[in-house]
Amino acid sequence: MDLDVFVTAHHAEWDRLEHLLHRGRRLTGAEADELVTLYQRTSTHLSHIQSSAPDPLLTARLTQLVARARSTVTGTRRATWRDAARFLTEGFPAAVYRSRRWWIPSALTSIAVAAVIGWWIGTHPEVQSAIAAPDALRQMTRPGGEYETYYSSHPAASFAAQVWTNNAQAAAMCLVLGAFLGIPVLWILFLNMLNLGVGIGLMSSAGRLDTFLGLVLPHGLLELTAVFVAAGTGMRLGWTVVDPGPRTRRAALAEQGRAAVGMAIGLALVLFVSGTIEGFVTPSGLPTWARITIGIAAELAFLVYVYVLGGRAARAGEVGDVEATARSAELPTAA
């Protein structure tokens with residue numbers, strides 16, 4: 001394509017579109033129809049230029065024109081309670097459901113790593129000695145020791161808020177750092193499993209593994225699931241950098257990035273529930289079986305939420321992205 005000839009043929013249309021955009025709301029009915037037509041033509045022109053004769057300055061000008069025209073044509077839109085309800089019943093569970101092939105393997109692998117670390121520490125006294133002195137280990141693992149008093153060391157409300165903040169930050173880091181090919185996510189997962197494995201190993205060596213699991217399971221099931229979902233989503237985002245599929249890398253990353261932002265909001269709510277359990281249920285005087293039952297019920301409720309609501313929404317075409325009218329227009333690319 002001869003770019004100079006193309007510009008000469010169509011620059012009058014672009015100037016006219018820019019003039020109509022400057023007019024704003026003072027357009028007649030015929031001018032509004034003309035604006036829509038010019039918007040569609042300019043979008044096509046931009047596609048041709050990007051695929052056949054990319055010119056940075058001209059592409060920048062037409063991109064700005066198309067964006068402004070699209071905003072004028074579609075109008076602005078405010079979020080409503082209906083949007084929040086749609087997000088909670090369709091967008092978020094569908095995004096979690098669609099990323100299950102990433103977070104389920106992450107969960108299984110991470111749990112296996114924690115179990116191996118716990119076994120290694122629990123069966124090797126020399127490893128335990130490298131972690132801390134014998135007196136310090138006894139202080140941590142004895143009845144009423146640090147592992148038990150940790151959950152009741154602060155008022156329940158402030159402790160729950162602190163736990164929720166820390167876990168939400170960890171989940172957000174998994175989502176954000178996933179863009180770096182997912183490598184930092186693996187490190188965050190390992191650190192979490194290392195901490196869990198150390199607790200399992202030390203408490204099992206003291207013959208008090210049942211007590212440790214009774215303290216961890218009520219909140220840990222839902223909490224770790226949220227972390228695994230965040231990690232899987234982050235790694236999926238990282239893989240999109242490597243393999244964007246049939247879309248352009250920019251379009252694929254934009255879609256996955258928007259879904260990851262929505263995932264962060266949804267997981268913050270999930271972690272709020274687990275933090276509430278950790279602050280009020282874990283240190284409570286309820287029997288161990290009752291506390292664990294509450295944790296299992298919360299975990300099952302989340303899984304049903306994901307697989308029933310999320311599965312149904314995903315099969316209907318929901319991807320966890322914003323609505324189509326709120327997305328940037330995707331232009332066709334050259335084959």
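Author: A residue is called buried when its relative accessible area is under 20%, exposed when that area is over 50%, and partly exposed in between. The model discussed here is a predicted one.

Reader: Is Arg41 buried, partly exposed or exposed?

Author: The relative accessible area of Arg41 is 41%. Because partly exposed covers the range between under 20% and over 50%, Arg41 counts as partly exposed.

Reader: Which residue forms a salt bridge with Arg41, and in which helix does that partner lie?

Author: The closest N and O atoms of the pair are 2.8 Å apart, and the partner of Arg41 is Glu13. Glu13 is buried, with a relative accessible area of 19%. The pair links distant parts of the chain, 28 residues apart, with Arg41 in helix H2 and Glu13 in helix H1.

Reader: How many residues apart along the chain are Arg86 and Glu318?

Author: The side chains of Arg86 and Glu318 meet in a salt bridge with an N to O distance of 2.9 Å. This pair, too, links distant parts of the chain, since Arg86 belongs to helix H4 and Glu318 to the segment after H13, and the separation is 232 residues.

Reader: Which helix holds both Arg138 and Asp135?

Author: Arg138 and Asp135 form a salt bridge, their closest N and O atoms being 2.1 Å apart. The two residues lie three apart, about one turn of the helix, and that helix is H7.

Reader: What kind of elements make up the chain, and how many are there?

Author: From the N terminus on, the run of elements is α throughout. The chain has zero strands, and the number of helices is 13.

Reader: What is the radius of gyration of the chain?

Author: The C-alpha atoms fill a box of roughly 85 × 40 × 35 Å along the principal axes. A compact globule of 335 residues would have a radius of gyration near 20 Å, whereas the chain has 27 Å.

Reader: Which helix gives the most to the largest nonpolar core?

Author: This core has 52 residues, and Val96, Leu196 and Met263 have the most contacts inside it. Eight helices could be listed, but it is enough to say that those supplying at least two residues each include H4, H10, H11 and H12. With twelve residues, the helix that gives the most is H11.

Reader: Which residues does Val96 touch, leaving aside those up to four places away in sequence?

Author: Val96 is among the residues with the most contacts inside the largest nonpolar core. Its partners, counted in this way, are Trp103, Val229, Met263, Phe302 and Val306.

Reader: How many residues does the other core have?

Author: Another core lies apart from the largest one, and Leu38, Tyr39, Leu46 and Leu62 are among its members. The number of residues in this other core is 15.

Reader: Is Ser274 buried or exposed?

Author: Ser274, found in helix H12, touches His219, Leu222 and Glu223, not counting residues up to four places away in sequence. Its relative accessibility is 0%, and therefore Ser274 counts as buried.

Reader: Which helix gives the most to the nonpolar surface patch?

Author: The patch covers about 350 Å² and is made by Val113, Trp187, Phe190 and Leu191. Phe190 counts as partly exposed because its relative accessibility is 35%. Phe190 has its place in H10, and the helix that gives the most to the patch, with three residues, is H10.

Methods. Residues are numbered from 1 along each chain as its sequence is written. This is a predicted model: local features need pLDDT of at least 70, side-chain atom pairs count only at pLDDT 80 or more; totals for chains, interfaces and linings use all residues. Side-chain values use heavy atoms; hydrogens and water are left out. A nonpolar core is a set of buried Ala, Val, Leu, Ile, Met, Phe, Trp, Tyr and Cys residues joined through side-chain atoms within 4.5 Å. Buried means under 20% relative accessible area, exposed over 50%, partly exposed in between (1.4 Å probe, protein chains only). Helices (H or I, at least four residues) and strands (E, at least two) are DSSP runs, numbered from the N terminus. Contact means heavy atoms within 4.5 Å. Patches are made of residues with over 30% relative accessible area and no salt bridge: like charges are joined within 9 Å, nonpolar side chains (Val, Leu, Ile, Met, Phe, Trp, Tyr) within 5 Å. Accessible areas come from the Shrake-Rupley method with a 1.4 Å probe; for residues, only the protein chains shown count as cover. A salt bridge is a side-chain nitrogen of Lys or Arg within 4 Å of a carboxyl oxygen of Asp or Glu. The radius of gyration is taken over C-alpha atoms; the globule rule is 2.2 Å times the number of residues to the power 0.38.
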